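Let's take a walk through a protein fold together, one piece at a time. Keep the picture open while you read.

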Amino acid sequence: MALKFMTVVKTNQEYQAAVLRAPPTTLCVVDCYASWCGPCDALSKKINNLFQDMIEFDIKFVQAQVDDIECLAEQDCVEKSKPLYLFIKGGKEIERMCGASAVDLQRIVEKHSTRKPSAE
């Protein structure tokens, strides 16, 4: 189940709109999941904390159903029983993380995120 602030995408069109066409400064953290895998909630609390701690950064959290998104299914993205996170910026994958390491997740998000411009 997705967290309230996560964008859930289930089709190629939704994935392209939400992730590949996101503004170039937006870091899209894509939680890849497949219907044949059991639900993986290992990092849900960490993602929620990251969202709260980094609210001033340009980050979009996306949960993607890889079975139905061709560009993800073709890459054979999901390994059985391991969470996979893709980090996309400017429509390109800049890093990926396989596994449930909260420390690695935070390190990668902090490394690639950009602060939102201040509204003056």
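Before we start, here is one term you'll need: two parts are in contact when their heavy atoms come within 4.5 Å. Angles between elements compare their N-to-C directions and run from 0 to 180 degrees, using axes fitted to C-alpha atoms. Also keep in mind that what you're looking at is a predicted model.

With that in hand, find helix 1, which covers residues 12–20. Helix 1 lies across strand 1, strand 2, strand 3 and strand 4, and its direction makes an angle of about 145 degrees with strand 1.

Now for the sheet itself. In what order do the five strands sit? Reading across, the order is 1-3-2-4-5, in an open sheet with mixed pairing. Strand 1 (7–9) and strand 5 (92–98) are at the edges with a single partner strand each, so one side of each has no neighbour in the sheet. From one strand to the next, the twist averages 25 degrees.

Let's zoom in on strand 2, residues 27–33. Six of its seven residues are buried, so the rest of the structure largely encloses this strand. On one side, strand 2 pairs with strand 3 (residues 59–65) in the parallel sense, over seven bridges. You can spot one of these pairings at Cys-28, whose bridge partner in strand 3 is Lys-60. Strand 2 also pairs with strand 4 (residues 84–89), this time in the antiparallel sense and over six bridges. Here Asp-31 has Tyr-85 of strand 4 as its bridge partner. Carry on to strand 5, and you'll find that strand 4 and strand 5 run antiparallel, joined by six bridges. Leu-86, for instance, has Arg-96 in strand 5 as its bridge partner.

Hop back to strand 1 for a moment, where Val-8 is found. Is Val-8 buried or partly exposed? Its relative accessible area is 35%, so Val-8 counts as partly exposed. The C-alpha atoms of Val-8 and Val-62 are separated by 5.8 Å, although these residues are 54 apart along the chain.

Next up is helix 2, residues 44–53, with its buried residues Ser-44, Ile-47 and Leu-50. Looking down the axis of helix 2, you'd see these buried residues fall within an arc of 120 degrees, so they line one face of the helix. The cover over them includes strand 3, strand 4 and helix 4 (102–112). Turned away from the buried side is a face of helix 2 that carries the exposed residues Lys-45 and Asp-53.

Helix 2 also takes part in an aromatic pair, and the count of such pairs comes to one. Why is this pair called edge-to-face? Planes over 60 degrees apart count as edge-to-face. The ring planes of Phe-51 and Phe-61 are at 75 degrees, with their centres 6.5 Å apart, so the pair fits that label. It links distant parts of the chain, with Phe-51 in helix 2 and Phe-61 in strand 3, 10 residues apart. Phe-51 is partly exposed at 23% relative accessible area, whereas Phe-61 is buried at 3% relative accessibility.

Last stop: the cysteines. A disulfide is a covalent bond between the sulfur atoms of two cysteines. How many disulfides are counted here? The count comes to zero. Cys-71 is partly exposed, with a relative accessible area of 28%, and Cys-98 is partly exposed too, at 39%.

Key
Residues numbered from 1 in each chain as written. Predicted model: local features only at pLDDT ≥ 70, side-chain atom pairs only at ≥ 80, totals over all residues. Heavy atoms only, no water. Buried < 20%, exposed > 50% of the residue type's maximum accessible area, 1.4 Å probe, protein only. Helix = DSSP H or I, 4+ residues; strand = E, 2+ residues; numbered from the N terminus. Pairing = 2+ DSSP bridges. Arc of directions from axis to C-beta. Disulfide = S-S within 2.5 Å. Phe/Tyr/Trp six-rings, centres within 6.5 Å; stacked < 30°, edge-to-face > 60°.
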